[in-house]
Amino acid sequence: MSLSQLFKIVKKNFQEPTPIPAAAPPVNSYTPQVAKKMHEMLTKHVPADAVEYCFDLWKEQPFSFKISRSRSTCFGNYIYKDGQHKITVNNDLSLYAFVITYVHEIAHQRAWLGKSRRKIEPHGKEWKKNFQVLMSPILNLNVFPETILIPLTHYMSNPAASSVSYAPLARALQSFELGEKSGILLSEVGDNQWFTFRNTVFQRLEKRRTRILCMERASKRRYTILATARVDLVEA
Ligand SMILES: [Zn+2]
């Protein structure tokens with residue numbers, strides 16, 4: 001498929017939603033250290049061309065953000081509790097499933113902030129509209145491969161609660177999850193060997209109990225990574 005054909009499909013299936021009113025003033029505040037950590041987490045988990053946009057969404061309306069262990073029941077979660085917005089996203093998602101889930105959860109926050117009625121449906125029209133508006137700047141080939149962008153654009157025309165309830169999108173996302181499983185287990189990597197994990201180069205240092213101490217090449221920082229993580233070997 002040529003680019004112009006693709007853009008025709010994208011255009012046909014996704015009408016630019018009307019903008020929602022300007023966001024309310026931020027409820028949470030944050031420190032430079034928290035902002036730095038947030039930026040680092042996004043750099044590891046979302047496609048490179050979406051990092052700054054995702055970071056800006058957080059700065060506009062900060063929330064406490066945690067990357068959680070895989071839950072089979074959901075990809076992510078949003079709650080508002082004790083005056084705090086809290087978002088979690090599973091750690092085992094591909095970059096693409098991660099960014100879709102991240103924006104899905106922020107749409108819950110924005111729907112909550114913008115609600116005029118006492119009650120809104122969790123995935124009702126307020127959420128749908130916010131999700132469409134927030135996704136539109138990243139619905140492009142810089143962020144998503146064509147195989148995901150086409151079904152994703154269809155899905156975004158009327159998003160359902162779960163991105164995997166739309167089979168073509170689920171299949172496209174799954175093919176990238178499987179792609180990540182093509183590497184080897186970190187436990188099989190020799191000490192001092194270099195490998196990539198989530199687009200970042202590390203050196204394996206030593207085994208702890210269930211995790212392995214590693215050093216990130218660029219920052220020389222040390223991290224522990226699960227021994228069962230899938231990684232790819234690189235030449236030193
Ligand atoms: Zn949801």
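Q: Which residues does valine 99 touch, not counting residues up to four places away in sequence?

A: In this predicted model, valine 99 touches Val46, Pro47, Ala50, Cys54 and Ile138, once residues up to four places away in sequence are left out.

Q: Which residues touch the most other members of the largest nonpolar core?

A: As a general idea, nonpolar side chains tend to be buried together in soluble globular proteins. Here the largest nonpolar core has 35 residues, and Cys54, Val99, Tyr102 and Val103 touch the most other members. At least two residues of this core come from each of helix 3 (51–60), strand 3 (84–90), helix 4 (95–114), helix 5 (125–135), helix 6 (146–156) and helix 7 (167–180). Helix 4 supplies the largest share, 10 residues. Another core lies apart from this one; it has nine residues, including Leu186, Val189, Phe202 and Val231.

Q: How should one read the angle at which the axes of helix 2 and helix 3 cross?

A: An angle over 145 degrees counts as roughly antiparallel, and 65 to 115 degrees as roughly perpendicular. The axes of helix 2 (residues 32–45) and helix 3 cross at roughly 140 degrees and come within 9 Å. The two helices are therefore oblique to each other. Their crossing is right-handed.

Q: Which residues make the contact between helix 2 and helix 3?

A: Helix 2 contributes Met38, His39, Leu42 and Thr43, while helix 3 contributes Val51, Cys54, Phe55 and Trp58. Sorted by character, the residues of this contact comprise six nonpolar, two polar and no charged.

Definitions and conventions
Residues are numbered from 1 along each chain as its sequence is written. This is a predicted model: local features need pLDDT of at least 70, side-chain atom pairs count only at pLDDT 80 or more; totals for chains, interfaces and linings use all residues. A nonpolar core is a set of buried Ala, Val, Leu, Ile, Met, Phe, Trp, Tyr and Cys residues joined through C-beta atoms within 7 Å. A residue is buried if 20 or more other C-beta atoms lie within 10 Å of its own, exposed if 12 or fewer, and partly exposed in between; C-beta atoms are placed from the backbone. Helices (H or I, at least four residues) and strands (E, at least two) are DSSP runs, numbered from the N terminus. Two residues are in contact if their C-beta atoms, placed from the backbone, lie within 7 Å. Axes are lines fitted to C-alpha atoms, for helices over the stretch in contact, and angles run from 0 to 180 degrees between N-to-C directions. Angles under 35 degrees count as roughly parallel, over 145 as roughly antiparallel, 65 to 115 as roughly perpendicular and the rest as oblique. A crossing is left-handed if the near helix is turned anticlockwise from the far one by less than a right angle, and right-handed if clockwise. Ala, Val, Leu, Ile, Met, Phe, Trp, Tyr, Cys and Pro count as nonpolar, Asp, Glu, Lys and Arg as charged, and the others, Gly among them, as polar.
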